[in-house]
Amino acid sequence: MIVLGYVIQNLSSPTEKIHSAYALDAGQYVVSHGPASSAGTTRPTPMNTMEAARKVASIMATKQSEGYDRIVVPLVMAELPDGTTHRNLRQAVTDAHASGLTTEFTFPESAVEQFLAAVSNQSPAQPDPVTIGTAARVEDRDNALTLPDGEALVRPNGETYLPRDLGGHTDVAALRALRPADLYPLLAGEPGTGKTALADASFPDLIMMQCHGDMTVSSLVGTHLPTPDGGWVWHDGPLTRSMREGRPLCLDEVDKMPDEVSSVLHAAMDGRKTLQIDDRPDTEPVTAAEGFFVIAAYNPDSLGGKGLTEAMLSRFTVQIEVTTDYAAARSLGVPGDFVTIAENLTTKATEARAAGGRGVWAPQMRELLAAKRLIDAGLGATFAAGSMVAQCPWPEDLDEVLTVARQVTGTEVQPLRLGAQV
Ligand SMILES: Nc1ncnc2c1ncn2[C@@H]1O[C@H](COP(=O)(O)OP(=O)(O)O)[C@@H](O)[C@H]1O
Ligand SMILES: [Mg+2]
């Protein structure tokens, strides 16, 4: 029996809901889908192959937009032993996928065509690489680094962090595994994509350091401060503290750090992990306690940034590109139109960059969440859309942004602007 199906999870749901859908070949295709391991809530309707494939793909797309964005089994086709009953089909698909008996489809663009081609051969090919939009996807959970069961990721500001896929692992688990190995990660991405969120969700004991062009070695290492009785007392800076206390240090906007300051980090991040404080020539060098770690973030396209020196780049062994997870934005309750505007602009930007251009600005997670908060605060969708497009940092991109916003919403969107007396 040939089956097309998937299994997805909604991790932001308190009960970690699972949804699955199948089309099974019983001479004719019938589609069934539902929330649990049972047969599903819809009565199977007989249909032809094309209808079945399209229907399963479209149910998956709908569910993903509702927040089911963790792929347990991607859209696959499996040849299952005849006699597999309808009731345990989800388990059968899961097992077939775990044992490599499935063919995966690129979702959603060409799934239907691929499915039809595969079905007409009647023999599932070997699994192909798969692209599933921006949804989190972990290929082989058996070998993946994951979070301890039931660990909820609450950031220091109280927000819940939705973990994402990072090279086949759960992002937070992967970053934590780098720490004892002294493999320092560098997060590269536009503002508002989730770099800081990932860093502080991963390490509750993180020390945050905002870098800027005027910072000095003292900003990192520490300084003598005057006391009321006319003396001086030494205060450790963030680097010194993180080394003494064995805590991770996050250098945000690390590319803004002047080169003469960043050179202080070199010895701290090398094998010996020591720091000689020039302002305290009388003291021993500080040696990093166990647990010391450095993680850095920057926006490679920022105007004020000057890039990283080769010496710095070479110390960050693991370089990670961070882009907004638009499926997560939907799970976090951002209205669909707003996410679609951002996705369409991102597609345009990708195309423009492929053609050698800079690429138009697109709203990232931060702007999308701000729009949602405006709506929640009672200001309405028009106001929220106006506020979102007003975040566009490049005046020359505004026309294109407004055009896409108009196409998606069907209404005129204008950047917020204070008007006449009311
Ligand atoms: N995986 C995620 N789960 C939940 N919220 C997220 C996630 N990624 C980003 N966010 C939210 O998006 C916004 C921007 O993220 P932030 O980490 O501040 O971006 P960056 O540091 O890249 O500028 C924050 O409000 C953050 O809470
Ligand atoms: Mg940040």
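## Around ligand 1

Start with the chemistry of the pocket: in this predicted model, the shell around ligand 1 is made of seven nonpolar, five polar and four charged residues. That shell counts 16 residues, and the closest are Gly194, Lys195, Thr196, Ala197 and Met365. As for secondary structure, α5 and α12 (365-376) are the elements that give two or more residues to it.

Where does ligand 1 lie with respect to domain 2 and domain 3? Domain 2 (172-321) and domain 3 (326-409) both contribute residues to the shell, so ligand 1 lies between them.

## The chain as a whole

Zooming out, the protein chain has 14 helices and 18 strands. It runs to 422 residues, and 40% of them count as buried. If you look at contacts between residues at least 6 apart in sequence, 66% join residues at least 24 apart.

## The nonpolar cores

Which residues touch the most other members of the largest nonpolar core? They are Cys250, Leu251, Val254, Val294 and Ala296, out of 45 residues in that core. Quite a list of elements each supply at least two residues of this core: the helices α4 (171-178), α5 (195-202), α6 (217-221), α7 (238-245) and α8 (259-269), plus the strands β10 (185-188), β14 (248-252) and β17 (293-298). β17 gives the largest share, with six residues.

Cys250 is a handy place to center your view. Leaving out residues up to four places away in sequence, Cys250 touches Ala199, Leu206, Ile207, Met208, Met209, Ile295 and Ala297. There is also a second, separate core of 27 residues, with Ile341, Leu368, Cys392 and Val401 among them.

## β14 and its neighbors

Is β14 mostly covered or mostly open? Mostly covered: four of its five residues are buried. On the sheet side of things, β14 pairs with β11 (residues 207-210) in the parallel sense, over four bridges. One of the residue pairs to look for is Gln210 with its bridge partner Asp252 in β14.

β14 also runs parallel to β17, and five bridges join the two. Here Pro248 stands opposite Phe293 in β17. To tie this back to the core, β14 and β17 each supply at least two residues of the largest nonpolar core, and Cys250 touches Ile295 and Ala297, among others.

When you inspect side chains here, keep the usual pattern in mind: in a regular strand they alternate between the two faces of the sheet.

How values were computed:
Residues numbered from 1 in each chain as written. Chains lettered and ligands numbered in written order. Predicted model: local features only at pLDDT ≥ 70, side-chain atom pairs only at ≥ 80, totals over all residues. Buried ≥ 20, exposed ≤ 12 C-beta atoms within 10 Å, placed from the backbone. Contact = placed C-beta atoms within 7 Å. Core = buried A, V, L, I, M, F, W, Y, C linked by C-beta atoms within 7 Å. Near = placed C-beta within 6 Å. Nonpolar A, V, L, I, M, F, W, Y, C, P; charged D, E, K, R; others polar. Domains from an automatic or database assignment. Pairing = 2+ DSSP bridges.
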